Amino acid sequence: MAIEITQILQDFATIMIIAAIMTIISYKLKQPLILGYIGAGIIIGPHTPPFSFISNIEVLNLFAEMGIILLLFTVGMEFPIRNLKKIGKKATVITVAEQIGTLIAGFFVGQALGFSFFDSLFLAVALSVSSTVVILKVLEELKILRDEASNLTLGILIIEDIIILSIFALLHSTSVTGNISIVEIVIPIGISVVFIAGVLIIGSRTIPKLVDFVARTNQSDVLVVAVLGLAFGFAYLSNLLGISVAVGAFFAGVLIAESKSHAVTSILTTPIRDMFVALFFVSVGALMDITLIPVFIIPALLLVGVTSIVKFAIVYLTSRYEGFSKLTAMQTGIGLSSSRGGEMSLIVAKGGIDIGVVSGFILPIVGTITLISTFLAPYLIRLGLKLGQRSENQNPESTKQESESESEKNEDKSPNDS
């Protein structure tokens with residue numbers, strides 16, 4: 001036991017020291033901090049010669065999962081229920097359209113590259129979802145997390161996770177049994193809907209009051225422990241139901257956002273979140289075998305290029321159809337199309353391999369795509385922000401008219417319609 005603890009402490013010290021050095025370098029070079037974390041992971045990872053700096057990669061994976069939970073939890077605290085209701089219906093329409101389009105595009109690219117039916121199908125599913133963690137971290141670094149485009153992007157990302165888990169459950173059943181079961185389709189979707197409805201209806205009447213009760217003790221440590229208990233409790237419940245832990249953690253944050261003390265809670269939990277989110281991105285770098293990039297670079301670039309273009313086009317057009325401004329539509333489209341692959345994509349690819357219907361090379365391809373898109377995402381999202389602002393500056397009157405028109409539409413709607 002003493003040896004194990006020593007190894008864990010050694011690994012943790014190595015991770016934090018190298019991550020600190022790399023993020024300082026990134027800061028000095030005026031680059032996104034995400035790149036510093038990923039670079040640190042590549043340096044210490046088991047795939048980088050001459051040797052691995054860490055002895056237990058599973059510990060890093062555990063910390064990474066906690067990072068996902070805490071990031072989505074704190075993001076949820078910036079996203080109260082009224083915002084969720086405002087964009088929920090529109091985000092669902094946009095998500096369904098872009099998921100179908102990206103799935104079709106990814107499948108046919110896989111077929112054109114000579115992959116088998118199931119290889120192409122699982123690859124398409126993996127690439128139809130954007131990386132929630134990467135995109136939200138970039139938006140946070142750019143300090144635009146509360147913008148309309150960011151709110152819409154977040155709504156789409158949450159719905160994407162729910163849809164992708166339902167599709168994965170369906171694929172898992174179909175590929176194993178050879179039959180399409182209606183039950184396998186309905187159950188995951190039904191569980192997700194019931195969970196979210198229960199959280200919003202029952203949780204909104206109890207959790208905010210509980211948080212305010214704890215806050216009245218004026219003990220910051222008690223409040224932190226209580227809200228973290230809620231975050232991990234909801235994450236555990238959603239995982240138990242077969243839903244992504246990110247969804248559970250996000251809705252825990254949404255409920256706390258309804259409390260009177262949510263601002264204090266957000267300030268108290270941010271340092272803890274920052275540490276574990278850093279570990280998530282370090283783990284992404286550590287798990288990437290950069291020696292495989294030259295082998296899979298061509299199919300990876302083709303898949304990234306085609307699926308990103310299709311996703312951007314569909315998100316932009318459907319956002320405009322749903323009444324959003326050109327600025328919001330462009331920024332949302334570029335934000336969502338900037339990060340192919342990610343945590344959910346790797347889960348889908350690995351799941352296909354585990355049940356024996358997908359070739360082993362699919363996971364390295366998805367890993368290569370994740371690595372490439374994670375490096376590019378900060379720059380692409382910044383580009384989208386600049387292009388949107390430039391378009392707005394060139395057509396200020398048009399943008400003003402669109403905003404006024406949208407405001408009039410929202411005023412005409414009753415509360416039940418939103």
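Is Lys-311 buried or exposed? Select Lys-311 and find out: with a relative accessibility of 0%, Lys-311 is buried. Here buried means under 20% relative accessible area, exposed over 50%, and partly exposed in between, using a 1.4 Å probe and protein chains only.

Before moving on, a word on what's on screen. This is a predicted model, in which local features need pLDDT of at least 70 and side-chain atom pairs count only at pLDDT 80 or more, while totals for chains, interfaces and linings use all residues. Residues are numbered from 1 along each chain as its sequence is written, and side-chain values use heavy atoms, with hydrogens and water left out.

**Stop 1: the salt bridges**

Keep Lys-311 selected and add Glu-98. Their side chains meet in a salt bridge, 2.8 Å from N to O. The term covers a side-chain nitrogen of Lys or Arg within 4 Å of a carboxyl oxygen of Asp or Glu. Glu-98 sits in helix 4 and Lys-311 in helix 12 (residues 293–321), so to speak distant parts of the chain, 213 residues apart. Helices (H or I, at least four residues) and strands (E, at least two) are DSSP runs, numbered from the N terminus. Glu-98 is buried, just as Lys-311 is.

Now add Glu-160. Lys-311 forms a salt bridge with Glu-160 too, with the closest N and O atoms 2.7 Å apart. This pair also links distant parts of the chain, Lys-311 in helix 12 and Glu-160 in helix 7 (residues 148–177), 151 residues apart. Glu-160 is buried, at 0% relative accessibility. Shared partners join Glu-98, Glu-160 and Lys-311 into one network. The structure holds two salt bridges.

**Stop 2: the phenylalanine cluster**Next, select Phe-107, Phe-108, Phe-117, Phe-118 and Phe-122, which ring pairs link into a cluster. Rings of Phe, Tyr and Trp (its six-membered ring) pair if their centres lie within 6.5 Å; planes under 30 degrees apart count as stacked, over 60 as edge-to-face and the rest as tilted. A search of the whole structure finds six aromatic pairs.

Zoom in on Phe-107 and Phe-108: the ring centres are 5.6 Å apart and the planes stand at 80°, so this pair is edge-to-face. Phe-107 is buried at 16% relative accessibility, whereas Phe-108 is exposed at 53%. Swing over to Phe-117, and you'll find another edge-to-face pair with Phe-107, at 5.5 Å centre to centre and 75° between the planes. Phe-107 belongs to helix 4 (residues 81–112) and Phe-117 to helix 5 (residues 117–127), so the pair ties together parts ten residues apart in sequence. Phe-117 is partly exposed, with 47% relative accessibility.

Colour helix 5 by accessibility while you're here. Nine of its eleven residues are buried, so the rest of the structure largely encloses this helix. Among the buried ones are Asp-119, Ser-120, Phe-122 and Leu-127.

**Stop 3: a lysine over a ring**

Select Lys-90 and Phe-324. Lys-90 lies over the ring face of Phe-324, 5.0 Å from the ring centre. To count, NZ of Lys or CZ of Arg must be within 6 Å of the ring centre and within 35 degrees of the ring normal.

**Stop 4: the nonpolar cores**

Which residues touch the most other members of the largest nonpolar core? Select Leu-72, Phe-250 and Phe-281, which do so in a core of 83 residues. A nonpolar core is a set of buried Ala, Val, Leu, Ile, Met, Phe, Trp, Tyr and Cys residues joined through side-chain atoms within 4.5 Å. Helix 3 (residues 57–76) supplies the largest share of this core, eleven residues. Apart from it lies another core, of 27 residues, including Val-357, Ile-362, Val-366 and Ile-369.

**Stop 5: out to the surface**

Show the surface and select Ile-17, Ile-21, Ile-25 and Leu-29. Together they form a nonpolar surface patch with about 380 Å² of accessible area. Patches are made of residues with over 30% relative accessible area and no salt bridge, like charges being joined within 9 Å and nonpolar side chains (Val, Leu, Ile, Met, Phe, Trp, Tyr) within 5 Å. Accessible areas come from the Shrake-Rupley method with a 1.4 Å probe, and for residues only the protein chains shown count as cover. Ile-21 is in helix 1 (residues 2–28) and is partly exposed, at 47% relative accessible area.

Stay on helix 1 and pick Gln-10, which lies there as well. Gln-10 is partly exposed, with a relative accessible area of 48%. Add Phe-53: the C-alpha atoms of Gln-10 and Phe-53 are 9.3 Å apart, with their positions 43 residues apart along the chain.

**Last stop: a loop**

Finish at Asn-218, in the loop between helix 8 (182–215) and helix 9 (220–240). Its phi is near 60°, a positive value in a residue other than glycine. Asn-218 is exposed, at 69% relative accessible area.
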